[in-house]
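Please examine the sequence and the structure shown below before reading on. The report that follows takes up the pocket, the sheet, the aromatic contacts and the backbone in turn.

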Amino acid sequence: MDSEFMTAPRELRTARLLLRSLESKDVPTLGRLAGTKEIAVTTLNIPYPYSEEDAYGFLAKASEDFREGRSVTFAISVAPEHDLRGVLGLNITDAHSRAELGYWIGVPFWRKGYVTEAAKAVVAFGFETLKLHRIYAHHFSGNTASGRVLEKIGMRHEGRSREHIRKWDQFVDIENYGLLAEEFRKDEPTRV
């Protein structure tokens with residue numbers, strides 16, 4: 001593990017994935033994968049173009065936020081090579097025992113189920129390990145693939161916030177989703 005950075009407290013494993021702390025060796029891949037217009041257009045905080053310098057800044061901020069207890073950020077990697085495919089994390093608001101789930105996956109890895117698989121593991125981590133009361137997420141209204149991910153992991157659609165976000169000088173609607181700890185525990189036996 002990279003001693004300079006730490007973005008997650010431990011590794012999480014799923015059937016196909018290793019979710020791990022981001023490391024400085026991930027910066028070139030992070031820059032290349034996040035640097036596509038397809039990723040930038042669906043996310044609020046990823047600029048386009050996105051450079052290795054941007055990736056390094058993201059890694060430094062994610063590491064600082066983890067040390068301060070504000071977030072956990074995992075690299076989505078596929079076994080056995082553990083190369084970076086995307087990023088997923090929780091931005092934590094301790095005072096309210098809640099976290100916002102955020103993620104992206106590189107374009108070559110779309111439609112393979114990686115985000116759904118990773119999100120299930122991180123949501124379980126949030127409720128079981130971090131003892132959160134609520135996990136929520138949102139996506140731009142046109143990003144139906146992200147909405148399907150959130151529904152597959154058990155989140156409920158809670159409504160639309162009209163023209164809530166400004167992205168590239170346009171106001172964009174967002175779709176809001178949420179999941180409470182008691183709902184997560186109730187659905188746990190049926191979760192795949």
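How much space lies in the largest pocket? The volume is about 1,400 Å³, taken as the space filled by probe spheres set on grid points that are joined across faces, edges and corners. The structure is a predicted model, in which local features need pLDDT of at least 70 and side-chain atom pairs count only at pLDDT 80 or more, while totals for chains, interfaces and linings use all residues. Residues are numbered from 1 along each chain as its sequence is written, and side-chain values use heavy atoms, with hydrogens and water left out.

**The largest pocket**

A pocket is defined on a 1 Å grid over the protein atoms alone, as an open set of points where a 1.4 Å probe fits, with protein on both sides within 12 Å along at least five of seven lines; lining residues have an atom within 4 Å of a point. The largest pocket is lined by 48 residues, of which T43, V87, G102, Y103 and W104 are the closest to its centre. Strand β5 gives the most to this lining, with six residues; strands (E, at least two residues) and helices (H or I, at least four) are DSSP runs, numbered from the N terminus. By class, the lining holds 26 nonpolar, 14 polar and eight charged residues. In this scheme Ala, Val, Leu, Ile, Met, Phe, Trp, Tyr, Cys and Pro count as nonpolar, Asp, Glu, Lys and Arg as charged, and the others, Gly among them, as polar.

**The sheet**

Eight strands form an open sheet of mixed pairing, in the order β1-β2-β3-β4-β5-β6-β8-β7. Two strands pair if DSSP finds at least two bridges between them. The edge strands β1 (12–13) and β7 (156–167) each pair on one side only. Three of the pairings are set out below, each with one bridge.

| Strand pair | Sense | Bridges | One bridge pair |
|---|---|---|---|
| β4 (residues 83–93) and β5 (residues 98–105) | antiparallel | eight | V87 and W104 |
| β6 (134–140) and β8 (residues 170–180) | antiparallel | seven | H139 and E175 |
| β7 (156–167) and β8 (residues 170–180) | antiparallel | eight | I165 and V172 |

V87 and W104 are thus bridge partners, and both are among the residues closest to the centre of the largest pocket. Strand β6 also contains A137, which is buried, with a relative accessible area of 2%. Buried means under 20% relative accessible area, exposed over 50%, and partly exposed in between (1.4 Å probe, protein chains only). A137 and N176 are 39 residues apart in sequence, yet their C-alpha atoms are 6.1 Å apart in space.

**Helix α4 and its aromatic contacts**

Helix α4 (residues 114–128) has 15 residues, and at 1.5 Å a residue it should span 21 Å; its end C-alpha atoms are 21 Å apart, which agrees. The expected span is 1.5 Å times one less than the number of residues. Of the 15 residues of α4, 13 are buried.

Across the whole structure there are three aromatic pairs. Rings of Phe, Tyr and Trp (its six-membered ring) pair if their centres lie within 6.5 Å; planes under 30 degrees apart count as stacked, over 60 as edge-to-face and the rest as tilted. The ring centres of F74 and F125 are 5.8 Å apart and the planes stand at 85°, so this pair is edge-to-face. F74 belongs to strand β3 (residues 71–78) and F125 to helix α4, so the contact ties together parts 51 residues apart in sequence. Both F74 and F125 are buried.

A tilted pair is formed by F127 and F184, at 5.0 Å centre to centre and 35° between the planes. F127 lies in α4 and F184 in helix α6 (residues 181–187), so this pair ties together parts 57 residues apart in sequence. F127 is buried at 5% relative accessible area, and F184 at 3%.

**Backbone features**

Most residues other than glycine have a negative phi, and most peptide bonds are trans. Y48 and P49 are joined by a cis peptide bond, with omega about 0°; P49 lies in the loop between α2 (37–40) and α3 (52–67).

R111, not a glycine, has a positive phi of about 60°. R111 is placed in the loop between β5 and α4 and counts as exposed at 77% relative accessibility. W168 likewise has a positive phi, of about 50°. The hairpin of β7 and β8, where W168 is found, has two residues between the strands, and W168 counts as partly exposed at 41% relative accessibility.
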